[in-house]
Amino acid sequence: MAKLFKNFTSNNDTGFGSSAANQADRLLNKNGGYNVTRTGVSIFNRYSYFHELIAMSWLKFNSLVLATYLVINLFFTLIYWVIGIEHLGGTMGETTLEKFMETFFFSCQTYSTVGYGRINPQGFLSSAIASVESLVGLMSFAVVTGLIYGRFAKPNIRLLTSQNAIIAPFKEGKALMFRITNARQNALLEVEIELMMSFFTHENPVRQFLPLKLERKKVNALSLSWTIVHPIDENSPLYGLTLKDYEEIDLELIFMFKAFDESYSQTVHTRTSYVFSEILWGKKFVPMYARSEKGETTILQIEKLNEMLEADLPNELPKNVY
């Protein structure tokens, strides 16, 4: 099997490493993240909390902000409760629950620096605690404001890729294909892509990386969908291989995407990968876009990104490896 690739030069500058025995089966996760877990460092050095807060979903972010807000105010409420709510003037509650809720809402008003005035601290201790809480509130809201700005300002590409790569008919032969599209209305300009295959053989258990030549690797704009095509001809390292061969060499296709995002006025990047089990043989994609009924616009049917049909492939003689 190793002789199949003797005429191809491996790219040793990918940064993924080459020791197949010491690496996971997959180098890149489907979401583009590196399939690496770091140990031997503290959690404070392992994670960038700013990046985590910027990159997490809005649901997680809002839930975290709300939970932090409640925890901080409950903390100060308990402090006021411990020193005695008689140090808070203007309380009107009669039951324990009513008094606790009044103290809690006083804490919220102090934390947010609203300060309605009906309940007010009396004495040095309660006034000092209220002062500290208002300072914590000012700093907290400044941090949250900065994070919200960062979340809106961070370039966030919504590039959709087909769930599977396919081996499909192409001209007189066949080709490896997968499909991409932009889920947003913003313009992606000067689009460039790279595709390479990662593999190793039993004869040579060193992971190698070979660039795959594409029918087209650059377009001026990604306005509709784009089917990425690697012709499997005599010049392709995939020529003569079957799906069983893909599994034997632990094939992984690594896709890199770069474009200029007009909305952010800067270059954006994303990436993903396909392992051998995500490559389907004898398929073809169905068209994703069509003319509207009145002919006034083009309809891009993103729900068809993963739709495909069965396709007959031409016979191919395997490479002579001996």
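**View 1. Buried residues of helix α4.** In this predicted model, helix α4 contains the buried residues Glu-102, Thr-103, Phe-104, Phe-106, Ser-107, Cys-108, Thr-110 and Tyr-111. The elements that cover the buried residues of α4 include two helices, α3 (58-83) and α5 (124-153), together with the strands β1 (88-89) and β2 (120-121).

**View 2. Length and end of helix α4.** Helix α4 comprises the 16 residues 96-111. A rise of 1.5 Å a residue predicts a span of 22 Å, and the C-alpha atoms at the two ends are 22 Å apart, so the expected and modelled spans agree. Just after α4, Thr-113 adopts a positive phi of about 60 degrees.

**View 3. Helix α5 and its surroundings.** Helix α5 has 30 residues, which at 1.5 Å a residue should span 44 Å; the distance between its end C-alpha atoms is 44 Å, in agreement with this expectation. Its buried residues are Ser-126, Ile-129, Ala-130, Glu-133, Gly-137, Ser-140, Leu-147, Gly-150 and Arg-151. An α-helix has 3.6 residues a turn, so residues three or four places apart point the same way. The buried residues of α5 pack against the helices α2 (49-55), α3 and α4, and against the strands β1 and β2.

**View 4. The protein around these helices.** The protein has 6 helices and 16 strands. Of its 322 residues, 36% count as buried. Among contacts with a separation of 6 or more, 70% involve residues 24 or more positions apart. The accessible surface comes to about 19,400 Å², and carbon and sulfur atoms contribute 56% of this area.

How values were computed. Residues are numbered from 1 along each chain as its sequence is written. This is a predicted model: local features need pLDDT of at least 70, side-chain atom pairs count only at pLDDT 80 or more; totals for chains, interfaces and linings use all residues. Side-chain values use heavy atoms; hydrogens and water are left out. Helices (H or I, at least four residues) and strands (E, at least two) are DSSP runs, numbered from the N terminus. The expected span of a helix is 1.5 Å times one less than its number of residues. Buried means under 20% relative accessible area, exposed over 50%, partly exposed in between (1.4 Å probe, protein chains only). Contact means heavy atoms within 4.5 Å. Accessible areas come from the Shrake-Rupley method with a 1.4 Å probe; for residues, only the protein chains shown count as cover.
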